[in-house]
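Open the model in your viewer and keep the selection panel at hand. The stops below go from pockets to cores and then to single residues.

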Amino acid sequence: MKIVFATNNQHKISEVAAMLPSNIQLVSLADIDCHDDIPETSDTLEGNALQKARYIHEKFGVNCFADDTGLEVEALHNEPGVYSARYAGEQKNSQDNMQKLLKNLQGIKNRKARFRTVIALILNEKEYLFEGIVEGNIIEEQRGENGFGYDPIFVPCGYENTFAELASEIKNKISHRAYAVEKLTDFLKNIEK
């Protein structure tokens with residue numbers, strides 16, 4: 001089964017491709033010659049994921065899925081949330097985003113946070129949503145070279161290392177995206193039967 005992943009983020013594509021079973025062929029936007037700046041104007045993760053999937057489905061007529069992910073920090077009333085990628089501005093710079101978050105958490109003891117991913121799938125004209133959540137804490141300084149986004153400052157519960165310090169094989173099993181993709185692949189496997 002071929003399915004389009006509606007993202008231009010190469011990190012996400014390689015992360016998700018590594019998690020999918022071999023019978024599902026992941027197709028990127030570049031593969032279908034889509035270079036559009038897909039709108040993300042919703043104020044929820046679910047809304048953005050659906051908006052992106054619908055855009056690709058309507059324009060290209062393909063089965064596809066899109067995701068949106070947010071880092072929700074308890075002490076900041078779940079900020080940055082849906083604005084995680086552009087927390088420090090429209091330039092979407094991970095370093096700037098992390099610096100702003102760490103600055104906003106200065107002097108705050110409660111460092112509880114969670115990553116939440118929502119995947120919107122459009123398959124055979126029907127829409128489905130899948131959610132993955134991983135709980136953890138924000139540390140005070142960046143550690144690690146792997147991953148992307150807020151990974152160097154997020155330590156998942158039950159671990160001492162940040163997402164950026166964990167081997168990708170481990171992260172791909174315990175991450176918010178992994179949980180959402182697992183639900184997606186389980187669903188797709190059952191459809192195939």
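**Second largest pocket.** In this predicted model, the lining of the second largest pocket consists of three nonpolar, six polar and two charged residues. Select His11, Ser14, Glu15, Asn146, Gly147, Phe148, Phe163, Leu166, Ser168, Lys171 and Asn172 to display that lining. Two elements, H1 and helix H4 (168–174), each give two or more residues to the lining of the second largest pocket. The space in the second largest pocket comes to about 150 Å³.

**Largest pocket.** Now turn to the largest pocket, with a volume of about 850 Å³. It is lined by 34 residues; select Asn9, Lys12, Glu40, Ala85 and Lys92, the closest of them to the pocket's centre. Colour the lining of the largest pocket by residue class, and 10 nonpolar, 11 polar and 13 charged residues appear. Helix H1 (10–19), strand E3 (64–73), helix H3 (94–104) and helix H5 (176–192) are worth showing as cartoon, since each supplies at least two residues of this lining. Which of the elements gives the largest share of the lining of the largest pocket? That element is E3, with five residues.

**Helix H1.** Stay with H1 and select Lys12, Ile13, Glu15, Val16 and Met19, the buried residues of this helix. Residues three or four places apart in an α-helix point the same way, because there are 3.6 residues a turn. Then zoom in on the start of H1, where a side-chain oxygen of Asn9 comes to within 3.1 Å of the backbone nitrogen of Lys12.

**Asp67.** From Lys12, move across to Asp67, which sits in strand E3. Is Asp67 buried or exposed? Asp67 counts as buried, because its relative accessibility is 1% and the cut-off for buried is under 20%. Draw a distance from the side chain of Asp67 to the side chain of Lys12: this is a polar contact of 3.0 Å. A polar contact of 3.3 Å joins the side chain of Asp67 to the side chain of Arg177. To see the surroundings of Asp67, show Phe5, Lys12, Ala49, Lys52, Thr117, Val118, Ile119 and Arg177, its contacts once neighbours within four places in sequence are left aside.

**Nonpolar cores.** Next, select Leu71, Val73, Leu101, Ile138, Tyr150, Ile153 and Phe154; of the 20 residues in the largest nonpolar core, these touch the most other members. Elements giving two or more residues to this core are E3, H3, strand E5 (112–123), strand E6 (126–138) and strand E7 (154–156). H3 gives the most, three residues. Centre the view on Ile153 and add its contacts: Met98, Leu101, Leu102, Asn137, Ile138, Ile139, Glu141 and Gln142, leaving out neighbours within four places in sequence. Another core of 18 residues lies apart from the largest one, and Ile3, Met19, Ile119 and Phe130 are among its members.

**Ile24.** Follow the chain beyond H1 to Ile24, in the loop between H1 and strand E2 (25–27). Ile24 counts as buried, because its relative accessibility is 6% and buried means under 20%. Select Met1 as well: Ile24 and Met1 are 23 residues apart in sequence, yet their C-alpha atoms are 4.9 Å apart. Not counting residues up to four places away in sequence, Ile24 touches Met1, Ile3 and Leu188.

**Backbone geometry.** The last stops concern backbone angles. Most residues other than glycine have a negative phi, and most peptide bonds are trans. Select Asn78, in the loop between E3 and E4. Asn78 has a positive phi of about 70° and is not a glycine. Asn78 is partly exposed, with a relative accessible area of 43%.

Step along to Glu79 and Pro80, which are joined by a cis peptide bond with omega of about -5°. Pro80 belongs to strand E4 (residues 79–81).

Finish at Glu125, in the loop between E5 and E6. Glu125, a residue other than glycine, has a positive phi near 70°. Is Glu125 buried or exposed? Glu125 is exposed, because its relative accessible area is 64% and the cut-off for exposed is over 50%.

Terms used:
Residues numbered from 1 in each chain as written. Predicted model: local features only at pLDDT ≥ 70, side-chain atom pairs only at ≥ 80, totals over all residues. Heavy atoms only, no water. 1 Å grid on protein atoms, 1.4 Å probe; cavity = no way out; pocket = protein on both sides within 12 Å on 5 of 7 lines; lining within 4 Å. Points joined across faces, edges and corners; volume = space filled by probe spheres on them. Helix = DSSP H or I, 4+ residues; strand = E, 2+ residues; numbered from the N terminus. Nonpolar A, V, L, I, M, F, W, Y, C, P; charged D, E, K, R; others polar. Core = buried A, V, L, I, M, F, W, Y, C linked by side-chain atoms within 4.5 Å. Buried < 20%, exposed > 50% of the residue type's maximum accessible area, 1.4 Å probe, protein only. Contact = heavy atoms within 4.5 Å. Polar contact = N/O pair within 3.5 Å; in protein donor to acceptor, adjacent residues only side chain to side chain.
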